[in-house]
Amino acid sequence: MQKSRPPFRPYGAAAELMFGPRSRDKEIVLVGPAGTGKSRGVLEKLHLVALKYPGCRILIVRKTRVSLTDTILVTYENKVLPAGSYLKKGARRPSRVAYRYRNGSEIVVGGMDRPEKVLSSEYDIVYFGELIEGEEDDWEMLMSRLRDGVLPYRQIIGDTNPGHPAHWLKRRIDAGVVTHLPSLHQDNPAYFDHKMKAWTPAGAEYLDTLSRLTGHRRKRLLLGEWAASEGARFPELDERHRFRLREQFPHGFPDSWRLIVAKDYGKRAPYCALWIAFDHEGGKWVFREDYQAGLHPSDQARRVVAMTKANETIAQIRVDPSVFNASPGIDPDKTEPAIAGFWRAIYEADKRFGPMLRGFNRSRMHALGTIDEHLDLRSGAPKLHIEESCVQLWQELTGAIWDTRGRAEDIDSACPDHAITALYYGIHTHSGAPEVPRSLAPVEDVAQRVFAEDHRRAVRQFQGRTVRRF
């Protein structure tokens, strides 16, 4: 016979969420250190709501569906649901789509990596776990699904440990847009005995573990502070470098401003394209981005064409210099010359686009220094402005740390830098002397040359095997 669990009693942020005067607010986030019981408190509320309001629909979501399986769903099944609950029957956690209550209520589970699975329905409550992983667009998109109408209120709830102080969620909290419920370690009854007013043995051990952390991890996970990573490569970056295009330029940029596209090529790694506007005072305004892995080179160019508005004229496209490179004997595995041909053919077919030119390719340190110069606020105003929808560029800049292996001024190789690279292709090279792009053969000629060399290599390999065999 299974031992029954003691009833859950909420404290702190969990109690506020379930029974406090702000418990029905539209947007609520629980933010605090690791191990404060944030997820447990949210899940207990969702379970009570599902029992109290027959026929209600609730969504539990994380950035990816797979991340739910061994985190939130384990807590829900093992700690919230009664032992032997009928709700645990059926599909296993990795493939489960929903928990269906006998009163008609339903808790749907999903991930924002498959938005069509979760955004095709309407819900009374949405819960986004580990919200620090999400984007503001995810949050607002989920808000649009709060229309079911069984509950007397609609609500979206998030929980998370703190992250970088420039994160969109911190900005939303500071603006008072969301109801912020700070969570403390004392809120977790497994770690703090409220009758004895003392830490439990498990709590004392867990706090000892967290106290051994250092730097920003200690600040975030033990102290619950929004803290930047140590050794941030771009420490000058802050909210003054962000803008909202629809608010600051409701009618678009002035016609006299110059627009360019800067691109970093990617094969298995993501490619990145940035649209940048240049004002008359040296300011650069990054107002659009495209960032995706696994795209064919021609698709990378076609996406840029499709995402450029009909009334926009792109003065030039600054691209990864490697796509112009060719070794003396063309290696059939080295497709960059063919990529340049693909791209040129696509852009030349559209009158909105100017010439395709090399991005800066002399010194990476010099190029990163250009970003430093544009982030410098000593003059009173930034030279670089980043639209809030350019989330990948923002995340790369805020997450970049200094290289610790002796490459002065560089970014640690563990940090993604695809958007950063596209950025310095654009802002470092735009004002130089006009470049004349190297004459490129038509894409058909380049491809034919690659295929011919591939054929010759195959013949040589076959002849070599023949000689060795006989």
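Helices (H or I, at least four residues) and strands (E, at least two) are DSSP runs, numbered from the N terminus. By that count the chain has 16 helices and 16 strands. This is a predicted model, in which local features need pLDDT of at least 70, side-chain atom pairs count only at pLDDT 80 or more, and totals for chains, interfaces and linings use all residues. Residues are numbered from 1 along each chain as its sequence is written, and side-chain values use heavy atoms, with hydrogens and water left out.

**Whole chain.** Show all 470 residues: 50% count as buried, meaning under 20% relative accessible area, with exposed over 50% and partly exposed in between (1.4 Å probe, protein chains only).

**Strand E12.** Select residues 271-278. Eight of the eight residues in E12 are buried. In a regular strand the side chains alternate between the two faces of the sheet. Here Tyr271, Ala273, Trp275 and Ala277 point one way, while Cys272, Leu274, Ile276 and Phe278 point the other.

**Its neighbours.** Add E11, residues 258-264, which pairs with E12 in the antiparallel sense over seven bridges; strands pair if DSSP finds at least two bridges between them. Look for Asp264, whose bridge partner in E12 is Cys272. Six residues make the hairpin connection from E11 to E12. Next add E13, residues 284-292, which runs antiparallel to E12 and is joined to it by eight bridges. Trp285 in E13 stands opposite Ala277. Five residues lie between E12 and E13 in their hairpin, and Gly282 in the turn has a positive phi of about 90°.

**The cores.** Select Phe234, Ile371, Leu393 and Ile420, the residues with the most contacts inside the largest nonpolar core, which has 31 residues. Such a core is a set of buried Ala, Val, Leu, Ile, Met, Phe, Trp, Tyr and Cys residues joined through side-chain atoms within 4.5 Å. Elements giving two or more residues to this core include E11, E12 and helix H15 (418-429). H15 supplies the largest share, seven residues. Centre on Leu393: among the residues it touches (heavy atoms within 4.5 Å), not counting those up to four places away in sequence, are Leu274, Val286 and Leu423. A second, separate core has 30 residues, including Leu46, Ala50, Leu81 and Tyr99.

**Out to the surface.** Finish at Leu48, in helix H2 (residues 38-52). Is Leu48 buried or partly exposed? Leu48 is partly exposed, because its relative accessible area is 42%.
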